[in-house]
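Subject: Structure handover

Hello,

Here is the structure for your files. My notes follow below it.

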Amino acid sequence: MTTNLYFEPIRLPAECEALRAEVRAFLAQEIAAGTFDPHRPGHGDSHNQAFSRRVGAKGWIGMNWPKKYGGHERSFLERYVVTEEFRVANAPVRLHFVADRQSGPILLKYAPEHVKMDILPRICRGELCFVIGMSEPGSGSDLFAAKAKATKADGGWRINGSKIWTSNAHIADYMLGLFRTSAPSKENRRHGLTQFLVDMKTPGITVNPIIQMTGQHDFNEVVFEDAFVPDDHVMGEIDGAWKQATSELAYERSGPERFLETFYVLLELIRVLGPEPDVRSAEGLGRLVAQLHTLRRMSVSVAGMLQAGREPLVEGSIVKDLGTVWEQKLPHRVRELTAFLEPDSTNRTSLEEQLAFATTVAPKLTIQGGTTEILRGIIARGLGLR
Amino acid sequence: MAGENNHIVAEVAARIFADLADPQTINRAKDERWKETLWHALDEAGLPLAWVPEELGGSDASLADGFAILGVAGRFALAVPLAETMIAGWLLTRAGLLAPSGPMTVAPVRPHDRIEVHQDGTLSGSAFAVPFAQSSRHIVVLAEDSNGAVIALVEIRSCQLSEGQNLAGDPTNVVTFQRVKPLRSGPAPAGFDRSSLMLMGSTIRSVQTAGALEAMLSLSVAYANERVAFERPIAKFQAVQQNLARLAGEVAAALAAAGSAADTIAQADLFDDTVVLEAASAKIRTAEAATEGSSIAHQVFGAIGFTKEHALHRFTLRALSWRDEFGNESYWAAELGKQIARRGADEFWPLVASR
């Protein structure tokens with residue numbers, strides 16, 4: 001419990017800059033080859049198997065995992081550079097991103113050796129897509145109200161119930177999900193959930209698409225009917241998933257993807273304003289730049305803390321709170337700042353197309369991966385208020 | 001002096017402030033005699049001339065150590081011209097000029113104020129809102145002639161001063177120079193101009209503001225845990241928790257932005273585009289945090305925090321005043337926006353990702 005917040009002004013080491021140049025060259029090549037269009041987010045499929053495999057071949061998935069599992073034993077800061085360059089370019093990373101960011105690290109920590117040896121190298125090669133199974137129709141932010149059940153069977157567990165808002169479930173190979181193995185205890189309502197690795201090809205699993213208001217298909221409902229999960233796919237302590245959940249949050253919440261989601265509209269704003277903007281536009285742009293720069297410096301600093309083996313839960317939650325609120329407001333700010341421009345300004349059409357997309361995507365940014373309210377609750381707990 | 005990462009000097013400063021500049025204690029003081037005792041102790045510890053090398057009369061601390069001292073000064077809402085004397089000493093050193101003892105300040109502190117150097121070396125012009133001018137013995141002026149910038153040490157008594165104070169009641173004066181003869185002067189180094197002084201001043205104010213915000217957060221959290229309303233500590237109400245979490249976010253942003261700018265300046269040889277990005281961003285973001293953060297802190301404290309008697313205003317009003325010195329957030333946002341626009345969209349991300 002502390003009010004001492006700390007953000008060391010990390011400078012990225014030299015190896016990061018060499019890597020950054022390599023990543024930019026790779027992305028430029030992919031763009032030139034027509035793999036994706038950096039200026040048209042929301043167009044084309046962000047799930048691209050061939051691309052993910054090329055990224056894997058570059059050694060940019062599982063970058064900081066042990067070599068014996070296909071990883072590359074590079075630093076968090078190097079992974080940071082790759083993540084931010086891919087995000088800024090709007091590269092199609094959907095297939096491997098969740099596995100790289102959070103599923104792999106969970107497996108590394110809790111999976112039996114033979115499961116690690118089987119799955120982790122395939123993640124690193126860009127072959128596997130993971131989905132997170134946490135929310136249910138009756139429980140979202142209140143994770144520990146989950147009801148979908150795992151019942152002990154011979155050699156494993158039978159799962160029944162459903163998970164919802166599961167991004168990528170329709171393309172995923174595996175789910176890491178929380179399932180109820182016991183009732184909550186009187187003393188601890190978080191007791192009784194266990195984390196399982198579920199092969200999505202298991203009989204008894206149905207994936208029902210849910211179309212988002214942007215028109216995109218990202219999340220789903222996943223229904224389990226007596227789906228069998230073997231014993232060696234239990235991740236960590238039975239009934240004790242609540243102890244495991246929090247330490248991963250700093251990884252999930254503080255990355256550059258938590259403030260760069262609508263970055264393209266800022267770039268387009270700079271294009272549309274041209275080299276000599278009026279004072280109103282210049283001031284508006286300058287504030288956005290200062291806010292973005294600050295978020296990035298905070299986020300890099302958290303990556304440095306992770307590298308140093310710390311668990312900056314409060315700092316990580318702050319980055320996601322500020323970052324997602326900022327990226328959510330960004331399209332609205334850009335809209336205001338371009339309100340007085342001539343309709344035939346250069347790039348105006350492309351800006352409007354981007355704004356339309358960013359504006360419709362914006363509401364989800366402060367909901368996914370921990371809502372603003374939940375994050376502020378975590379921050380308040382860190383401050384010693386609850 | 002201490003190494004870069006342990007900042008022993010900052011600990012020395014913290015001890016002096018705790019003993020002689022405790023905000024609650026001096027808030028109750030009947031007169032200003034504490035200032036003299038405090039200054040004497042700071043002087044003894046070599047803090048005012050921390051950024052001046054020994055051969056020029058100072059104690060030769062690193063820039064990083066000096067910024068650490070100023071962060072602590074912000075946490076105490078220090079109301080003596082320590083930061084002003086430090087930047088004045090730093091500015092004198094740019095021209096290799098010997099530093100005098102006693103409190104100093106600098107001019108200009110507004111980006112558009114221009115002090116002119118005449119052929120005979122005398123200075124003319126006005127500098128607005130100069131902090132602590134009336135409490136200082138000397139003022140270090142960045143003046144300009146047709147060849148560039150000149151750094152000059154001037155006795156305050158040879159200038160005309162208007163009466164004035166900032167929101168927190170600290171003196172700020174219009175300083176007018178009418179053919180004033182400096183005690184000594186010298187050319188600024190190549191490439192060093194008024195903008196360089198504004199960037200350094202902005203970074204200093206950013207670091208102090210982040211410190212003041214840290215204090216606002218710890219005071220507010222402590223108060224929320226102890227103040228009981230509706231039969232429980234107000235910290236137990238979600239609405240209050242959400243407000244304090246937002247305050248923590250503003251404090252975090254201010255600390256990160258100011259810390260990054262200070263670190264950049266401590267490493268930089270020139271005031272280039274990277275320094276502009278860092279220092280301007282820090283000033284903009286810490287000023288925004290001061291606006292947002294001080295209103296949340298006051299909201300948590302309710303009526304008691306609005307009294308003269310309570311020390312909260314010492315932090316909030318200084319943080320709000322510091323927004324305006326060395327270029328306010330709107331000024332820097334326009335400057336930064338112009339720079340980014342001039343560089344163009346393709347050069348934007350490479351600049352942001354450059355460190």
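**Strand pairing in chain B**

In this predicted model, strand E2 (residues 116-117) of chain B runs antiparallel to strand E3 (residues 123-131) of chain B, and the two pair over 2 bridges. Across that pairing, Val117(B) faces Leu123(B) in E3(B). E2(B) and E3(B) make a hairpin with 5 residues between them. In the turn, Gly121(B) has a positive phi of about 85°.

E3(B) also pairs with strand E7 (residues 172-180) of chain B, again in the antiparallel sense, over 6 bridges. Here Leu123(B) is set opposite Val180(B) in E7(B). Leu123(B) therefore has a partner residue in E2(B), namely Val117(B), and another in E7(B), namely Val180(B).

**Chain B as a whole**

Chain B contains 11 helices and 10 strands. The domain assignment splits chain B into domain 1 (1-78), domain 2 (103-191) and domain 3 (194-352). Between domain 1 of chain B and domain 2 of chain B, the C-alpha centres are 24 Å apart.

For 355 residues, a compact globule would be expected to have a radius of gyration near 20 Å; the value for chain B is 20 Å, so the two agree. Along the principal axes, the C-alpha atoms of chain B occupy a box of roughly 75 × 55 × 40 Å. Of the 355 residues in chain B, 54% are buried. Taking the contacts in chain B with a separation of 6 or more, 72% join residues 24 or more positions apart.

**Where the chains meet**

The interface brings 45 residues of chain B into contact with 46 residues of chain A. On the chain B side, at least two residues each come from helix H6 (194-226), helix H7 (238-267), helix H8 (273-301), helix H10 (329-343) and helix H11 (348-352) of chain B. H7(B) gives the largest share, 15 residues. Sorted by class, this side of chain B has 27 nonpolar, 11 polar and 7 charged residues.

**An enclosed helix in chain A**

How many of the 11 residues of helix H8 (residues 263-273) of chain A are buried? The count is 9, so the helix is largely enclosed by the rest of the structure. The buried residues are Phe263(A), Tyr264(A), Val265(A), Leu266(A), Glu268(A), Leu269(A), Ile270(A), Val272(A) and Leu273(A).

The cover over the buried residues of H8(A) comes from both chains. From chain A it includes helix H3 (76-88), helix H9 (279-307), helix H10 (313-337) and helix H11 (348-365). From chain B it includes H10 and H11, which also supply residues to the side of chain B that touches chain A. Gly274(A), just after H8(A), takes a positive phi of about 75°.

**Confidence**

The model scores ipTM 0.96 and pTM 0.96. Chain A has an average pLDDT of 93, with 96% of the residues at 70 or above. Among the elements of chain A, the lowest mean pLDDT, 70, belongs to helix H7 (residues 249-253) of chain A, and the highest, 98, to helix H5 (residues 113-124) of chain A.

For chain B the average pLDDT is 96, and 98% of the residues score at least 70. Over residues 1-5 of chain B, pLDDT stays under 50. The model has 12 contacts beyond four places in sequence for residues 1-5 of chain B. Predicted coordinates should not be read in detail where pLDDT is low.

Regards

Note on methods
Residues are numbered from 1 along each chain as its sequence is written. Chains are lettered from A and ligands numbered from 1 in the order in which they are written. This is a predicted model: local features need pLDDT of at least 70, side-chain atom pairs count only at pLDDT 80 or more; totals for chains, interfaces and linings use all residues. Helices (H or I, at least four residues) and strands (E, at least two) are DSSP runs, numbered from the N terminus. The radius of gyration is taken over C-alpha atoms; the globule rule is 2.2 Å times the number of residues to the power 0.38. A residue is buried if 20 or more other C-beta atoms lie within 10 Å of its own, exposed if 12 or fewer, and partly exposed in between; C-beta atoms are placed from the backbone. Two residues are in contact if their C-beta atoms, placed from the backbone, lie within 7 Å. pLDDT is the predictor's confidence in each residue, from 0 to 100. Ala, Val, Leu, Ile, Met, Phe, Trp, Tyr, Cys and Pro count as nonpolar, Asp, Glu, Lys and Arg as charged, and the others, Gly among them, as polar. Two strands pair if DSSP finds at least two bridges between them. Domain bounds come from an automatic or database domain assignment.
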